[in-house]
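Here is a note for a colleague who has not yet looked at this entry. Please read the points below with the sequence and the structure open.

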Amino acid sequence: TCDEEEGSRQWSIEPAVDLTTSGWAGADSSQLTMFAGANVLMSGAQYTLTHSCTADGKTGTASVKLKVNSPPIGGSCTWCTKKEKKNGKVKLKCNQDESKARALDTLFELSCSNFADPDGDGESLWYRFGYRPVEATDNSEAIWREPSTDNFKEMEFPTGRWTM
């Protein structure tokens with residue numbers, strides 16, 4: 001066995017990937033974690049992940065091949081404000097002047113359509129909706145909702161100016 005006290009563990013990836021970057025954790029443990037959205041693997045590329053353990057002067061390894069899916073192509077995303085009328089009907093106003101949308105008292109519906117998977121594996125696409133402060137220059141400050149196969153999400157936003 002290769003336990004934490006007696007053995008040493010190591011992960012490697014071919015073609016080489018720096019596992020000390022902020023997108024990875026556990027390179028010297030039994031479990032290697034890549035953080036979602038880390039963009040440390042190239043889309044369309046194939047990698048071989050190898051875990052090795054050395055204990056009592058012997059080394060054992062296990063490997064697995066991983067092909068990274070290409071991002072979806074085509075499609076577009078829109079946002080709408082959603083208001084329920086007194087008669088119970090729902091009114092959607094889509095892609096209107098953003099200065100008229102009020103974060104605290106408006107329900108927003110974000111939706112995406114017509115995306116295709118160029119790798120064509122036949123499985124449903126997964127969507128992850130989020131928002132970030134307008135002044136943010138990248139997604140490091142983004143607030144993400146859980147991924148889902150649903151191509152829309154209803155959201156309310158806190159006070160502030162947000163990019164969806």
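1. Strands S4 and S5 form a hairpin with two residues between them. Aspartate 56 sits in the turn and has a positive phi of about 55°. This is a predicted model, and each value in this note should be read with that in mind. Aspartate 56 belongs to the loop between S4 (46-55) and S5. Is aspartate 56 buried or exposed? Its relative accessibility is 69%, so aspartate 56 counts as exposed. The sign of phi deserves a look, because most residues other than glycine have a negative phi.

2. The pairing behind this hairpin is antiparallel, with 10 bridges joining S4 to S5. To find the register on screen, start from serine 52, whose bridge partner in S5 is threonine 61. S4 also pairs with S1: seven bridges join these two strands, again in antiparallel fashion. Here serine 12 stands opposite threonine 50 in S4. S4 thus has S1 and S5 as partners. How much of S4 is buried? Seven of its 10 residues are, and the strand is mostly covered.

3. For the chain as a whole, the count is zero helices and 12 strands. Read along the sequence, the pattern is therefore β-β-β-β-β-β-β-β-β-β-β-β, as the strands are DSSP runs numbered from the N terminus. The protein chain has 164 residues, and buried residues make up 26% of them.

4. A second hairpin is formed by S6 and S7, with five residues between them. Glycine 88 lies in its turn and has a positive phi of about 90°. S6 covers residues 73-84 and runs antiparallel to S7, to which five bridges join it. Within this pairing, lysine 83 stands opposite lysine 91 in S7.

5. The two lysines just named also belong to a surface feature. Lys83, Lys85, Lys91 and Lys93 gather in a patch of positive charge on the surface. Lysine 91 is placed in S7, which spans residues 90-94. How accessible is lysine 91? Its relative accessible area is 40%, and lysine 91 is therefore partly exposed.

6. S6 has a further partner in S8: nine bridges join the two strands, which run antiparallel. Tryptophan 79 stands opposite leucine 110 in S8. S8 in turn is joined by four bridges to S11 (residues 152-155), and this pair is antiparallel as well. A useful landmark is serine 111, whose bridge partner in S11 is phenylalanine 152.

7. S8 also contains asparagine 114. Although asparagine 114 is not a glycine, its phi is positive, at about 65°. Asparagine 114 counts as exposed because its relative accessibility is 66%. A reader checking backbone angles should look at this residue together with aspartate 56, where phi is near 55°.

8. How many salt bridges does the structure hold? The structure holds one. In this salt bridge the side chains of aspartate 119 and lysine 67 meet, at 4.0 Å from N to O. Aspartate 119 lies in the loop between S8 (107-116) and S9 (130-133), and lysine 67 in S5 (residues 58-67), so the pair ties together parts that are 52 residues apart in sequence. The two ends do not fall in one exposure class: aspartate 119 is partly exposed at 31% relative accessibility, whereas lysine 67 is exposed at 51%. The cut-off for exposed is over 50%.

9. The loop between S1 (8-14) and S2 (24-25) holds proline 15. A cis peptide bond joins glutamate 14 and proline 15, with omega about -5°. This bond is worth checking, because most peptide bonds are trans.

10. Valine 17 is found in the loop between S1 and S2 too. With a relative accessible area of 18%, valine 17 is buried, since the cut-off for buried is under 20%. What separates valine 17 from valine 40 in sequence and in space? They are 23 residues apart in sequence, and their C-alpha atoms are 7.6 Å apart.

How values were computed: Residues are numbered from 1 along each chain as its sequence is written. This is a predicted model: local features need pLDDT of at least 70, side-chain atom pairs count only at pLDDT 80 or more; totals for chains, interfaces and linings use all residues. Side-chain values use heavy atoms; hydrogens and water are left out. Patches are made of residues with over 30% relative accessible area and no salt bridge: like charges are joined within 9 Å, nonpolar side chains (Val, Leu, Ile, Met, Phe, Trp, Tyr) within 5 Å. Accessible areas come from the Shrake-Rupley method with a 1.4 Å probe; for residues, only the protein chains shown count as cover. Lys and Arg count as positive and Asp and Glu as negative; His and the chain ends are not counted. The place of a charge is taken as NZ of Lys, CZ of Arg, CG of Asp or CD of Glu. Buried means under 20% relative accessible area, exposed over 50%, partly exposed in between (1.4 Å probe, protein chains only). Two strands pair if DSSP finds at least two bridges between them.
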